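This report introduces a structure to a reader who has not met it before. Please examine the sequence and the model shown here before reading on.

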There are 2 protein chains.
Amino acid sequence: MTSPTRIKVPGRTADPVLVVGSVAYDSIITPHASGERILGGSAAYACLAASYFAPPRIVGVVGHDFRDRDRAKLAKRGIDLDGLATDPSGRTFAWRGRYHENYNRRDTEDLQLNVFEQFKPLLPDAHRATPYVMLGNIRPDLQLRVLDQLTAPRFVLADTIDIWIETQREALGEVMRRADLLVVNDTESAKLTGESNVIVAGQRLRAHGCRTVIIKKGEHGAVLFHEEGLFTLPAFPVTELRDPTGAGDSFAGALLGHLAATGKTDFATLRQAMVYGTAVASLTVEAFSTDRLAKAGCREIRARRKALLRMMKV
Amino acid sequence: MTSPTRIKVPGRTADPVLVVGSVAYDSIITPHASGERILGGSAAYACLAASYFAPPRIVGVVGHDFRDRDRAKLAKRGIDLDGLATDPSGRTFAWRGRYHENYNRRDTEDLQLNVFEQFKPLLPDAHRATPYVMLGNIRPDLQLRVLDQLTAPRFVLADTIDIWIETQREALGEVMRRADLLVVNDTESAKLTGESNVIVAGQRLRAHGCRTVIIKKGEHGAVLFHEEGLFTLPAFPVTELRDPTGAGDSFAGALLGHLAATGKTDFATLRQAMVYGTAVASLTVEAFSTDRLAKAGCREIRARRKALLRMMKV
């Protein structure tokens, strides 16, 4: 097997990236089409996105129904599957969601945690020293458990979702303080801070102990709050939206992948990483599931990055 | 009287800017404060904004109740009032609006057209040759009447509002084709095109005969659709929002003022003009009515422009 194509940084070998999160079978209904039991989950999207920049290591669990072709899809992009446990006692985490007209709202119609319910992330010994780590949107106490297993973290990105903001506030607060970067969307930042103004919300999160924060605003782009300043990035002008699922995870995965490729985590590199994240996420949403993401080429990602930079030029 | 301060372009005297639109007394209620019968209207906001770049000429009508101090407020910023008619038979256009929590929605609670109802814009002879013209959100047939009176237009910016999209589609279409730049918000572009995706909507407006289009997205910035490409601009990160009224008119007025100051209307100058428009609009929304706008200094506008450019730097 040939190794997967990557966007290389001249004179440097990319560091590995560890992603802990869900691997799921999604059933998705949009105003225009639908997909049944397609590969999804935060770790699947993030690892595929990261794979264009650095070698990813996935940590998660699947059930006895997990398909060989989905395993192959991940392996084909060079994703290390040693940390992907198979629990033969049950089925893979399954989610059914519906997007409404213009995709601004989605409802969960069914959620079966299945084997994910008992998931306790255990890193293979060889993975403990991974320098770049993404804590996908799993329970905050499990995110902390992962943090405790790391021996040499250089940069930890943490994500979360509404339900943990409501039910695990304390553990989540610890994750936020221990991570290097918190990535949330504008609904989540409003819930975390009680402030709907994105700028104020981001400032509050930093005041409450988050080192660096990114607030994602969907079609309106994202804002980075860093000790050296603010950075605002528009979204890529997607006109062929098919399925927004996984956009945020693709953004985070590609972002972290770029940091691992460069070996840098400063303000300027983070800004560049966000541009790559946006470019990759724009591909994800143009097709159902991980299809477009898994097949995208480095050339395509580079072209989107370039187009985005051109659009931003004053 | 000393002449008002302006952001000058070295070696060039700014061309005049003509603005046709409403002059109004607004009564505004926000979640945090309210103002009663304060100076407003598209032409007042746009002229004050333009005055930081070029000499504005206002064309509109007020009633017998129009206060001397409001006339003085406009004159103080060097706005030529020869085209501001006073109709002694009635009162000034009055609007009462209420903004809801987080300012995303506003309701009109009362609207008295008063002398504005019979308004027929008639340009003073000396104003007909004004090169830079803004058609504020008056009735499209009146906008056309203004266009017909111009003898040497170099650049015409047209604005509109929901009600004309619903009731004067044909005349509005003609305005859109004859103007050099259409400036609308995302709700209006959706209504005009039936397309809620801002990128698609902007492309459609150009396909339907608009030369150049700007779609404003409030706190999410604005997008420019030009034959040479797209340009996306974030909003200034306002954290002290007091009253969003007039933000769009300030944006348009400052934008046109910058074109008149430079004497250029190309893609690059339009992009710079949008940055100035955003800087000025961010000042407008930090206070009720035109107060902050009328008192802002060139230094303050320049500082916001600089801060905005810094935030956008990749």
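How many residues does the contact take from chain A and from chain B? The contact takes 22 residues from chain A and 22 residues from chain B, two residues being in contact if their C-beta atoms, placed from the backbone, lie within 7 Å. The model is predicted: local features need pLDDT of at least 70 and side-chain atom pairs count only at pLDDT 80 or more, while totals for chains, interfaces and linings use all residues. Residues are numbered from 1 along each chain as its sequence is written, and chains are lettered from A and ligands numbered from 1 in the order in which they are written.

The elements below each supply at least two residues of the side of chain A that touches chain B; helices (H or I, at least four residues) and strands (E, at least two) are DSSP runs, numbered from the N terminus.

| Element of chain A | Residues |
|---|---|
| Helix 7 | 198-207 |
| Strand 13 | 229-233 |
| Helix 9 | 267-284 |
| Helix 11 | 298-312 |

Chain A is superposed on chain B by a rotation of 180° with 0.0 Å of shift along its axis (RMSD 0.0 Å); the fit is by least squares on the C-alpha atoms of residues with pLDDT of at least 70 in both. That is the relation of a two-fold axis. The C-alpha of A:H220 is the nearest to the axis in chain A, 3.0 Å from it.

Within chain A, nine of the nine residues of helix 1 (residues 42-50) are buried, so this helix is largely enclosed by the rest of the structure. A buried residue has 20 or more other C-beta atoms within 10 Å of its own.

Conventions:
A residue is buried if 20 or more other C-beta atoms lie within 10 Å of its own, exposed if 12 or fewer, and partly exposed in between; C-beta atoms are placed from the backbone.
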